[in-house]
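Visitor: Please pick a single spot in this structure and walk me through it up close. After that, I'd like to hear how the surroundings tie in.

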Amino acid sequence: IYFEEILYDKFTGEVYITIEGNGENHLLYHGIFRLKFKDDDVFQDSVVQLEKLDFTPKKTFYNNLEPNTGYEGLAVDQNFFYLGLESILTPEGSFSGHTVISIADKSSLAIIKEISTEDLEISTVCGLYSDENYSIWGIDRNQRKIFKLKFDKYFNIVNKNYYDIKTVVPEYNQFEYVGSLESI
């Protein structure tokens, strides 16, 4: 299993992580988990429980999850979770060049919308952040871009912005390297 994203929900005080499953039984391990801290205090140094969130419909949540390819991006606003799938794989096991961002109601954990990135110039989602309601920032690692999507109340995209990321060797800015940002 691989830990991918960590999120502090400033509205509820909860902390969440995303985990990617790997291997033969990878679907058992893929998920979004709430961390429970000693004495219910996020400032404690001990996590005492992981609670897997039960998003529905399950078929939608587990669709396109593959070994080592799962939810790498997670953001939250006042009412919604935003789940960013790393990529949709081709039948040959390569990245397809697009993915999906699922939006779920925080109180019911029901996935209410899936947004394909096929026409959005976003090939991967490796980190998400919500700066305000109906707004997310994300990292497209494979294209080395930061993106910002703004939604209306029906989660139609009303504004989108893209920013290039230049990955350079520290103190040798003329040398680019393959490593890239995976969190925001």
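**A close look at Glu86**

Guide: Let's start with Glu86, which counts as buried because its relative accessible area is 4%, and the cut-off for that word is under 20%. Keep in mind that this is a predicted model. On the chain, Glu86 sits in the loop that runs from strand 6 (80–85) to strand 7 (100–105). So what does the side chain of Glu86 meet at 3.0 Å? The partner is the side chain of Arg141, and the two make a polar contact. Arg141 also turns up among the residues that Glu86 touches, a list that leaves out anything up to four places away in sequence. The other names on that list are Glu20, Asn68, Thr69, Gly70, Glu72, Phe95, Thr99, Ser123, Thr124, Val125 and Cys126.

Hold on to Glu20, Thr69 and Gly70 from that list, since they lead straight to His30, which touches them as well. His30 belongs to the loop between strand 2 (15–20) and strand 3 (31–37). With a relative accessible area of 0%, His30 is buried. The side chain of His30 gets to within 3.2 Å of a backbone atom, the nitrogen of Gly21. Beyond sequence neighbours up to four places away, the residues touching His30 also include Ile19, Lys52, Leu65, Glu66 and Tyr62.

That last name, Tyr62, takes us to the aromatics. The whole structure holds 12 aromatic pairs. One of them joins Phe61 and Tyr62: with ring centres 5.0 Å apart and planes at 85°, the pair is edge-to-face, because angles over 60 degrees fall in that class. Phe61 or Tyr62, which ring is buried and which is partly exposed? Phe61 is the buried one at 2% relative accessible area, whereas Tyr62 is partly exposed at 26%. Another pair is Phe80 with Tyr134, and this one is tilted, at 5.9 Å from centre to centre and 50° between the planes. Since Phe80 is part of strand 6 while Tyr134 lies in the loop between strand 9 (127–132) and strand 10 (135–140), the pair links parts 54 residues apart in sequence. Phe80 is buried at 10% relative accessibility, and Tyr134 is partly exposed at 24%. Tyr134 has a backbone quirk too: a positive phi, near 60°, in a residue that isn't glycine. Going back to Phe61 and Tyr62, they share one aromatic cluster with Tyr16, Phe55, Tyr71 and Phe81.

While we're on the backbone, take a peek at either side of helix 1. Pro57 is in the loop between strand 4 (47–52) and helix 1 (58–62), and the peptide bond leading from Thr56 to Pro57 is cis, with omega near -10°. In the loop between helix 1 and strand 5 you'll find Asn64, another non-glycine residue with a positive phi, near 70°. Asn64 is partly exposed at 24% relative accessibility. For context, most peptide bonds are trans, and most residues other than glycine have a negative phi.

Now back to Glu86 and one more of its contacts, Thr99. Thr99 is also touched by Ile122, a residue of the loop between strand 8 (111–116) and strand 9. Ile122 counts as buried, as its relative accessibility is 1%. Setting aside neighbours within four places in sequence, its contacts also include Gly97, His98, Asp140, Phe147 and Tyr162. Tyr162 has company of its own: the charged end of Lys145 sits over its ring, 5.3 Å from the centre.

Last stop, the largest pocket, with a volume of about 230 Å³. It is lined by 17 residues, and those closest to its centre are Leu7, Tyr8, Val76, Tyr129 and Ser130. Strand 1 (2–8), strand 5 (71–76) and strand 9 each give two or more residues to that lining. Which strand gives the most? That's strand 9, with five residues.

How values were computed: Residues are numbered from 1 along each chain as its sequence is written. This is a predicted model: local features need pLDDT of at least 70, side-chain atom pairs count only at pLDDT 80 or more; totals for chains, interfaces and linings use all residues. Side-chain values use heavy atoms; hydrogens and water are left out. Helices (H or I, at least four residues) and strands (E, at least two) are DSSP runs, numbered from the N terminus. Buried means under 20% relative accessible area, exposed over 50%, partly exposed in between (1.4 Å probe, protein chains only). A polar contact is a pair of N or O atoms within 3.5 Å; within protein, one must be able to donate a hydrogen and the other to accept it, and residues adjacent in sequence count only if both atoms are side-chain atoms. Contact means heavy atoms within 4.5 Å. Rings of Phe, Tyr and Trp (its six-membered ring) pair if their centres lie within 6.5 Å; planes under 30 degrees apart count as stacked, over 60 as edge-to-face and the rest as tilted. A charge sits over a ring if NZ of Lys or CZ of Arg is within 6 Å of the ring centre and within 35 degrees of the ring normal. On a 1 Å grid over the protein atoms alone, a cavity is a set of points where a 1.4 Å probe fits but cannot get out, and a pocket is an open set with protein on both sides within 12 Å along at least five of seven lines; lining residues have an atom within 4 Å of a point. Grid points are joined across faces, edges and corners, and a volume is the space filled by probe spheres set on the points.
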